[in-house]
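Trainee: I should like to go through the reasoning behind the descriptive terms used for this structure. Could each term be set against its criterion?

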Amino acid sequence: MPNLTQLPAWQSLWDHFAEAKQRHMRELFAEDPDRADRYSLEVGGLFLDYSKNRITDATLSGLMQLARESGLPDRIKAMFKGEKINSTENRAVLHVALRNRTNSPIHVDGEDVMPKVNSVLERMGKFAHAVRSGEWLGYTNQPITDIVNIGIGGSDLGPLMVCSALKPFGHPRMNMHFVSNVDGAQLKETLKKVHSETTLFVVESKTFTTQETLTNALTARDWFLQRARDEKAVAKHFVAVSTNQKAVADFGIDPSNMFEFWDWVGGRYSLWSAIGLPIMLYLGEENFTELLNGAHIMDQHFRNAPFEQNMPVLLAMIGIWYINYYGGGSHVIAPYDQYLHRLPAFIQQLDMESNGKQVQVDGTPVNFETAPIIWGETGINGQHAFFQLLHQGTHISPIDLIASLEGQGSLPGHHEILLANVFAQAEAFMRGKTADEVREELTKQGMSGEALEALVPHKVFGGNRPTNTLLMHRLDPRNLGSLIALYEHKIFVQGVIWGINSFDQWGVELGKQLAKTIHAELTGKLKNAEHDSSTRRLIQLYRQANK
Ligand code: F6P
């Protein structure tokens, strides 16, 4: 495996950085009237303007050289071919097979996975049709009106984000609910809103061992049985999505009510698999297929486009520029679309669980930064909250501003205001405001002398703050599919550059292990396990409060 910091391109980018970091984007725009045209591209229904980044042609060619020297072309091929690139779990990484709309064979351990992908999709389609049409009836012969998804992490965030994003496409009879938190408050409040006769619980867990999900599912089942008073009724109201048939059966869900997926689908990459069942129930098979189609467009583009015109590669490499050269350790996702309000949380898991790693594939510690901290909120709300820091704080934090051009269904006059803000923010972050401009403005307002000068430094914006503007023609299943796949591949590319395994998540295990012991102590099943004094005291406090 190439050692990143020894690659010639890594070194020459450092030389280039010494000069590039002095440049202001204002100058770069002034020097090149075609900058916006040259630094933008369109894939399917997505348009990316990456011109408001601290990059020049030399930066881009250095970054693309780095991608090549890091072996990216081969790694892309390896993923699409089904090679076991998740080395610590000895698994292929094939979310791309789930939306492989050409159906070309993809082999894992000598077996083409496409027939089983298609057969699960078909079963999901039949089931979704039965539920949506009202053919599938509950135990009192009423159609389903409410879907409660029980899952956490990848078994929650993907379906939740997509169902929220595509609400205008949702079935008018169907109310969607998502329960992930083991804090009983979430399930309790959800159950207050639904009726046992008309609710379908979808229990989603790749492993079917996740404590939070199983606890919520058991409580939901008890609640249901208290009302239905018939074990046989469970089959009409509980389905499971998992890779673990035995655990599903042990839990008490009939395997004929289980939708399968496979260990080569990572949890945070699973919304395209049967984990997308709630999406299909809400949006219908056709729209779910459109979501897959959109992702497939991005997959094909990622696989085939030259790096210089490859949207995921460009976003990833520009990200590397900030993370590894500028030392910008955070990245903001700012959707200017209320329907996309869960996108930041979704991308946060996707990126941070994938690339929050400290060793390379061969186990050697990295000597450079890896995944940035991903955070965000709807852009317009962010503007009135944390954008102050982004404009005038001391951190460099690149921002993805995401919006759709068509304001379908927006109330009159709203969409223009929204988009004016997207474009204005991108401009403000890039241009900033110089001291002279501030002086001129204050003078026009009638200020002068010491009072004016005292205010100037506070009103200066350095600008030169990077943004990507990502515009969808409209927020629909196809474009959303492309958008999600774009981020998946961006994250993959960065993982390749850093030489890490983006597809395991060992870092979540220690807390789970310790919680088991502490849970046994809190419930009185275990006494005096070994802990530090702080943990011991916290346990004592709990005991005192819950005598
Ligand atoms: O604890 C982290 C994690 O394993 C995620 O990777 C995953 O998406 C989530 O928990 C849920 O896991 P499961 O689908 O197996 O319940």
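Trainee: What is the handedness of the crossing of α5 and α22?

Mentor: In this predicted model, the crossing of α5 and α22 is right-handed. The term applies when the near helix is turned clockwise from the far one by less than a right angle.

Trainee: Why is α5 called oblique to α22?

Mentor: The axes of α5 (residues 72-81) and α22 (residues 477-498) come within 10 Å and cross at roughly 125 degrees. Roughly perpendicular covers 65 to 115 degrees and roughly antiparallel begins over 145. The angle of roughly 125 degrees falls in neither class, and therefore α5 is oblique to α22.

Trainee: Which residues make the contact of α5 with α22, and how do they divide by character?

Mentor: Helix α5 contributes Leu-72, Arg-75, Ile-76, Met-79 and Phe-80, while α22 contributes His-489, Phe-492, Val-493 and Val-496. They divide into seven nonpolar, one polar and one charged. Arg counts as charged, and His belongs with the polar residues.

Trainee: What can be said of α7 and α14?

Mentor: The axes of α7 (residues 114-133) and α14 (residues 285-304) come within 10 Å and cross at roughly 145 degrees. Leu-121, Met-124 and Gly-125 of α7 meet Glu-285, Phe-288 and Leu-292 of α14. These residues comprise four nonpolar, one polar and one charged. Gly is placed among the polar residues and Glu among the charged ones.

Trainee: How do you know that Leu-475 is buried or exposed?

Mentor: Buried requires under 20% relative accessible area. Leu-475 has 4% relative accessibility, so it counts as buried. This residue is found in the loop between β13 (467-472) and α22. Beyond its neighbours within four places in sequence, Leu-475 is in contact with residues including Ala-165, Phe-169, Tyr-339 and Gln-408. Asp-337 is another contact; the two C-alpha atoms are 8.9 Å apart, although 138 residues separate Leu-475 and Asp-337 in sequence.

Trainee: What makes the phi of Phe-208 and of Arg-229 worth a remark?

Mentor: Most residues other than glycine have a negative phi. Phi of Phe-208 is near 55 degrees, a positive value, and phi of Arg-229 is likewise near 55 degrees. Phe-208 is found in the loop between β7 (199-204) and α10 (211-228), whereas Arg-229 lies in the loop between α10 and α11 (234-237).

Trainee: Why are Phe-208 and Arg-229 assigned to opposite classes of accessibility?

Mentor: The cut-offs are under 20% for buried and over 50% for exposed. Phe-208, with a relative accessible area of 2%, is therefore buried. Arg-229, at 72% relative accessibility, counts as exposed.

Trainee: Where does Pro-457 lie, and how is it classed?

Mentor: Pro-457 is found in helix α21 (residues 449-459). Its relative accessibility is 55%, so Pro-457 counts as exposed. Pro-457 and Arg-439 are 18 residues apart in sequence, with C-alpha atoms 9.9 Å apart.

Trainee: Finally, why is the protein called as compact as a globular protein of its length?

Mentor: The protein holds 24 helices and 13 strands. Its radius of gyration is 26 Å, close to the 24 Å that the globule rule gives for 547 residues, so the protein is as compact as a globular protein of that length. Buried residues make up 53% of the 547 residues. Among contacts between residues at least 6 apart in sequence, 75% join residues at least 24 apart.

Technical notes: Residues numbered from 1 in each chain as written. Predicted model: local features only at pLDDT ≥ 70, side-chain atom pairs only at ≥ 80, totals over all residues. Heavy atoms only, no water. Axes fitted to C-alpha atoms, helices over the stretch in contact; angles between N-to-C directions. Helix = DSSP H or I, 4+ residues; strand = E, 2+ residues; numbered from the N terminus. Parallel < 35°, antiparallel > 145°, perpendicular 65-115°, else oblique. Contact = heavy atoms within 4.5 Å. Rg over C-alpha atoms; globule rule 2.2 N^0.38 Å. Buried < 20%, exposed > 50% of the residue type's maximum accessible area, 1.4 Å probe, protein only.
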